[in-house]
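Here is a short tour of selected residues, with their places and their partners. Keep the sequence and the view side by side while reading.

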Amino acid sequence: QVQLVESGGGLVQPGGSLRLSCAASGSIFRVDAMGWYRQAPGKQRELVAKIISGGSTNYADSVKGRFTISRDNAKNMVYLQMNSLKPEDTAVYYCNALIVSTTRATTDNWGQGTQVTVSS
């Protein structure tokens with residue numbers, strides 16, 4: 001069984017910064033793609049950023065140049081550094097990871113979500 005746990009959300013003023021972290025734990029053989037999604041009230045969940053095990057990344061156009069995704073493969077962790085935050089970045093942010101377990105089963109996993117609120 002695999003678990004993803006996020007941390008780092010909170011309330012920040014426009015223009016401020018936050019860093020989200022997500023740790024994968026459990027019966028892990030390998031962690032492939034990891035990413036961050038977000039869902040604002042009344043909207044669909046959307047991809048924010050994704051990073052594969054080799055380090056290649058892709059970002060939503062709305063966050064390019066402001067957000068940076070990174071990962072620590074040794075610790076099975078993924079991070080999202082968010083700078084120049086805007087009110088429209090307010091959402092629940094979810095960690096996602098494609099994980100191969102020790103039984104070689106591949107599962108698509110989600111964290112419980114962490115609230116990010118950008119407001120003055």
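## Ser84 and its loop

Ser84 sits in the loop that runs between strand S8 (77–82) and strand S9 (91–101). The model is predicted. Ser84 has a relative accessible area of 41%, so it is partly exposed. Being partly exposed means a value between the limits of 20% and 50%.

The backbone of Ser84 deserves a look. Most residues other than glycine have a negative phi. Ser84 has a positive one, near 50 degrees.

## Ser17, a partner of Ser84

Which residues does Ser17 touch, leaving aside its neighbours within four places in sequence? The contacts are Val12, Gln81, Met82, Asn83, Ser84 and Leu85. One of these, Asn83, also makes a polar contact with Ser17, side chain to side chain, at 2.9 Å.

Ser17 has its own loop, between strand S2 (10–12) and strand S3 (18–26). Its relative accessibility is 40%, so Ser17 counts as partly exposed. Arg66 is 49 residues away from Ser17 along the chain, yet their C-alpha atoms are separated by 9.5 Å.

## Arg38 in strand S4

Arg38 belongs to strand S4. Is Arg38 buried or exposed? Its relative accessible area is 6%. That is under the 20% limit, so Arg38 is buried.

Two acidic side chains meet Arg38. The side chain of Glu46 is joined to that of Arg38 by a polar contact of 2.7 Å. The side chain of Asp89 makes another polar contact with the Arg38 side chain, at 3.0 Å. Beyond four places in sequence, Arg38 also touches further residues, including Gln44, Val48, Phe67, Ala91 and Tyr93. Arg45 is among the residues in contact with Arg38 too.

## Arg71 in strand S7

Arg71 is found in strand S7 (residues 67–72). Arg71 is buried, yet it has no salt bridge. Which side chain of opposite charge is nearest to Arg71? It is Asp32, 6.5 Å away. A salt bridge needs a distance within 4 Å, so Asp32 does not qualify.

Arg71 has other polar partners. Its side chain reaches the backbone oxygen of Asp32 at 2.7 Å. It also makes a polar contact with the side chain of Asn73, at 2.6 Å. Leaving aside neighbours within four places in sequence, the contacts of Arg71 include Val31, Met34, Ile51, Ser53, Met77 and Tyr79.

## One aromatic pair

How many aromatic pairs does a search of the whole structure find? The search finds one. The rings are those of Tyr37 and Trp110, with centres 5.0 Å apart and planes at 65 degrees. Planes over 60 degrees apart count as edge-to-face, so this pair is edge-to-face.

The pair links distant parts of the chain. Tyr37 is in strand S4 (residues 28–39), and Trp110 is in strand S10 (residues 106–110), 73 residues apart. Tyr37 has a relative accessible area of 16% and is buried. Trp110, at 36% relative accessibility, counts as partly exposed.

## Charges over rings

Arg45 places its charged end over the ring of Tyr94, 3.7 Å from the ring centre. Arg104 does so with Phe29: its charged end sits over that ring, 3.5 Å from the centre.

Arg104 lies in the loop between S9 and S10. Its phi is positive, about 70 degrees, although Arg104 is not a glycine.

Note on methods
Residues numbered from 1 in each chain as written. Predicted model: local features only at pLDDT ≥ 70, side-chain atom pairs only at ≥ 80, totals over all residues. Heavy atoms only, no water. Phe/Tyr/Trp six-rings, centres within 6.5 Å; stacked < 30°, edge-to-face > 60°. Helix = DSSP H or I, 4+ residues; strand = E, 2+ residues; numbered from the N terminus. Buried < 20%, exposed > 50% of the residue type's maximum accessible area, 1.4 Å probe, protein only. Lys NZ or Arg CZ within 6 Å of the ring centre and 35° of its normal. Contact = heavy atoms within 4.5 Å. Polar contact = N/O pair within 3.5 Å; in protein donor to acceptor, adjacent residues only side chain to side chain. Lys, Arg positive; Asp, Glu negative; His and termini not counted.
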